[in-house]
Amino acid sequence: MKLPGYYTSGQFAKMANISVRTVRFYDKQNILKPSYVSSSGSRFYTDRDFARLQQILLLKYLGFSLDDIKEMTINDTDYHFMLNSLNLQQKLIKDRIEQLQMVEKAIQDTTEEIRSNHAVNWSHMLNLIHLTNMEKSMKSQYQNSSNISARIHLHSLYSKNKQGWFPWLFEQCEITENMNILEIGCGSGALWKESLARIPNPVSITLSDISRGMLRDTQREIGTKDSRFSFRAFDCHKIPYPDEQFDLVIANHVLFYCDIPQVCREVSRVLKPQGRFLCSAYGMNHMAEISQLVQEFDSRIILSAEKLYEKFGKENGAALLSPYFQEIQWRLYEDSLFVDTPEPIIEYILSCHGNQNQYLLDRYKEFRSYVSKKTSSGFFITKEAGVFLCRKA
């Protein structure tokens, strides 16, 4: 029976230039399920399934296992998802090119060393091992970038406050000429990318992150020719700068992942006298409707293993900061979300750090239908985020 707009497994495989056996294997592995299965068990695919196949084959080409790919792709072809996926794949390709260039140089250096000295420099060999073992960090970087993009996407499209979080946050920094600034945990660098034209000159801005991959992406987007910026990878629990170096230190959505006293001691140490520390936090009501949404679908789902606002939030932040800083002031970013389409909410939910993928990926179509009904008349989401502004004690 011919179904309009549908392809049999054989037709789908032929169009994609892969074997029917591969299509069936991906089906059994639950990474490429057919769009329709007839009562007789015949499997049919649509044009939309090619988008997911493209993700699978690209990630497989880059060396990821099927288990990795299952975690790194999602079964949706809304154009927002596709654009985000392709942008991230492009970053992954650039990372792989850079990695291969480094491996090539390391092999050349090791080969030349052996030719010249008739002996093996084992430190060079160790460097080769490290370089060829970068797959896990690349996978982690891909997933981290995807998660951050999902959150920014939801807020940028559906926030009622049209100023936007990052332009507002930039205003709170009150940057003037000749300031020396450090951002810890800069992530994608969105704080700066959206306000490049507003940054005074001269000024010195050091962007740091524990993830070298994340920092590399940020450096690419801001550009290496902007002399106002420098980039350095380190753990903010031990900031590698002398005492009293910076006029301003920024930690945007960072402290709740840290040993707060240790990081505060380090920030206070590197701040100049009367230097300022700006750190953002959430309140207990932030995005509460999202958690309620998934709990109503499946009570086993927990979007975060820990409630971040309980570790460092609007309610307890001042008390946690007061041993290290003075003049502590909370400023709330007035905002909310009103979402009338399911895709950005689903994308956001799948990006969270909880157990949701364990329960949602195998029930994706059912969950999408559920979220579609919830958003059909618009879905209101509370936002409760802001910053603490402090001075060095």
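Visitor: In this predicted model, what is the strand order of the open sheet of 3 strands, and which pairing does the sheet have?

Guide: A sheet is read by its strand order and by the sense of its pairing, and in this predicted model the open sheet of 3 strands runs in the order E1-E3-E2 with antiparallel pairing. Its edges are formed by strand E1 (7-8) and strand E2 (36-37), each of which pairs on one side only. Between E1 and strand E3 (residues 43-45) there are 2 bridges in the antiparallel sense, and Tyr7 has Tyr45 as its bridge partner in E3.

Visitor: What order and what pairing does the open sheet of 7 strands have, and which strands stand at its edges?

Guide: Here the order is E6-E5-E4-E7-E8-E12-E9, and the pairing is mixed. Strand E6 (229-233) and strand E9 (325-333) are the edge strands, and because each has a single partner strand, one side of each is left without a neighbour in the sheet. From one strand to the next, the twist averages 20°. As an example of the pairing within this sheet, strand E4 (residues 180-183) and strand E5 (residues 204-209) are joined in the parallel sense over 4 bridges, with Asn180 standing opposite Ser204 in E5.

Visitor: Which strands does helix H8 touch where it packs on the sheet, and which strands does helix H11 lie across?

Guide: Helix H8 (residues 165-173) touches strand E7 (246-251), strand E8 (271-282), E9 and strand E12 (385-392), and its direction makes about 15° with that of E12. Helix H11 (residues 260-270) lies across E7, E8, E9 and E12, and it runs at about 145° to E8.

Visitor: How should one read the packing of two helices, and at what angle do H15 and H17 pack?

Guide: Two packed helices are described by the angle between their axes together with the distance between those axes. In this case, helix H15 (residues 342-351) and helix H17 (residues 364-375) pack at an angle of about 125°, and their axes are 9 Å apart. That angle makes H15 oblique to H17, since angles between 115 and 145 degrees fall outside the parallel, antiparallel and perpendicular classes. The crossing of the two helices, H15 and H17, is right-handed.

Visitor: Which residues make the contact between H15 and H17, and how many of them are nonpolar, polar or charged?

Guide: H15 contributes Pro342, Glu343, Ile345, Ile346, Ile349 and Leu350, while H17 contributes Tyr364, Phe367, Arg368, Val371, Ser372 and Thr375. Sorted by class, the contact of H15 with H17 has 8 nonpolar, 2 polar and 2 charged residues.

Terms used: Residues are numbered from 1 along each chain as its sequence is written. This is a predicted model: local features need pLDDT of at least 70, side-chain atom pairs count only at pLDDT 80 or more; totals for chains, interfaces and linings use all residues. Side-chain values use heavy atoms; hydrogens and water are left out. Axes are lines fitted to C-alpha atoms, for helices over the stretch in contact, and angles run from 0 to 180 degrees between N-to-C directions. Angles under 35 degrees count as roughly parallel, over 145 as roughly antiparallel, 65 to 115 as roughly perpendicular and the rest as oblique. A crossing is left-handed if the near helix is turned anticlockwise from the far one by less than a right angle, and right-handed if clockwise. Contact means heavy atoms within 4.5 Å. Ala, Val, Leu, Ile, Met, Phe, Trp, Tyr, Cys and Pro count as nonpolar, Asp, Glu, Lys and Arg as charged, and the others, Gly among them, as polar. Two strands pair if DSSP finds at least two bridges between them.
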